[in-house]
Amino acid sequence: MALTLIDISYLLVTRGTAQYGGEAVSQLEHALQCAHLAELAGETPEVVTAALLHDIGHLLAPDGGAAGRVSRDGLHQYVALPFLRALLPTAVLEPVRLHVDAKRYLCAGERGYQDALSPASQHSLELQGGAYSAEEAAQFVAQPFAHESIRLRRYDDAAKVAGRSTPPFVHFMRTLATVTARHALARQMPAASPA
C-alpha cells in the first residue's frame, strides 16, 4: 500500500513525537532539524525531502521507533521504500536508501568521524555491519546518489540538538507536496520518442 501525503503527515506528527532512539530529540524534531539543515545548505527540494523522510521507516515499525536501544538492525532505510515509491522520485528514495551506507562509508574513510558519532549512532553502526572495507567504500561511492546520501548523513548526524529552532512542520510539508506533484506530473508525461 502506498503512503499518501496525509499518511506521512499523520506518521510524523503522531508517532514522531516519540524519542528518537537514545537521542535527546523526538523523531519529528530530528526530521525537522535534518530537513532544515539540508535547506540551509541549499540542497534541492528532493534532498530536503529525503532529509525529512530518511528515518520514516522507524515510524512504520510496530513500536513506532520508540524502542530505544535494540539488539538487531531494523533496516529502516529499506522499510519505507515500497510505501513511498509511487509518491516520490528516485532523487528522494535513493538518498533515503543509502543514508546508512553513507555512515559506514564515512566511518571507513574519514578520520575521527566514527568517534564523533552519538552513542546511539555508534550502537546502530555495530548492528548495521560497521565501517566499510576499502573495497566496499569504493563500490558505495560509485553509485548514483551516493554524494547526496553522504550530505544527508552529515545533516542526520547534526540533527540531534534538543531545543533547536526549525521552521514549522507545515513548511516542509509544502516542500514535500511540491516534490510529489512534480513527480506525478513527470510520470504522466509520455516518454520522448527517439529522433
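**Helix packing and a buried arginine**

Me: Which helix holds Arg-153 in this predicted model?
Reply: The model is predicted. Arg-153 belongs to a helix spanning residues 146-158. That helix is α11.

Me: Is Arg-153 buried or exposed?  What is its relative accessible area?
Reply: Buried means under 20% relative accessible area. Arg-153 meets that cut-off, so it counts as buried. Its relative accessible area is 3%.

Me: Which residues does Arg-153 touch, leaving out those up to four places away in sequence?
Reply: Contact means heavy atoms within 4.5 Å. With residues up to four places away in sequence not counted, Arg-153 touches His-99, Val-100, Ala-102, Lys-103, Leu-106, Tyr-113, Ser-121 and Lys-160.

Me: Where does helix α7 bend?
Reply: Helix α7 covers residues 90-109. Of its 20 residues, 14 are buried, leaving the helix mostly covered. The bend is about 50 degrees, and it falls at His-99.

Me: Are α3 and α12 parallel, antiparallel, perpendicular or oblique to each other?
Reply: Helix α3 spans residues 45-53 and helix α12 residues 169-188. Their axes lie 9 Å apart, at an angle of about 120 degrees. Angles of 65 to 115 degrees count as roughly perpendicular, and those over 145 as roughly antiparallel. The two helices are therefore oblique.

Me: How do the residues of the contact of α3 with α12 divide into nonpolar, polar and charged?
Reply: The crossing is left-handed. From α3 come Pro-45, Glu-46, Val-48, Thr-49, Leu-52 and Leu-53. From α12 come Phe-172, Thr-175, Leu-176, Val-179 and Arg-182. The division is seven nonpolar, two polar and two charged.

Note on methods
Residues numbered from 1 in each chain as written. Predicted model: local features only at pLDDT ≥ 70, side-chain atom pairs only at ≥ 80, totals over all residues. Heavy atoms only, no water. Axes fitted to C-alpha atoms, helices over the stretch in contact; angles between N-to-C directions. Helix = DSSP H or I, 4+ residues; strand = E, 2+ residues; numbered from the N terminus. Parallel < 35°, antiparallel > 145°, perpendicular 65-115°, else oblique. Left-handed = near helix turned anticlockwise from the far one by under 90°. Nonpolar A, V, L, I, M, F, W, Y, C, P; charged D, E, K, R; others polar. Bend = angle between axes of the 7 residues up to and from the residue. Buried < 20%, exposed > 50% of the residue type's maximum accessible area, 1.4 Å probe, protein only.
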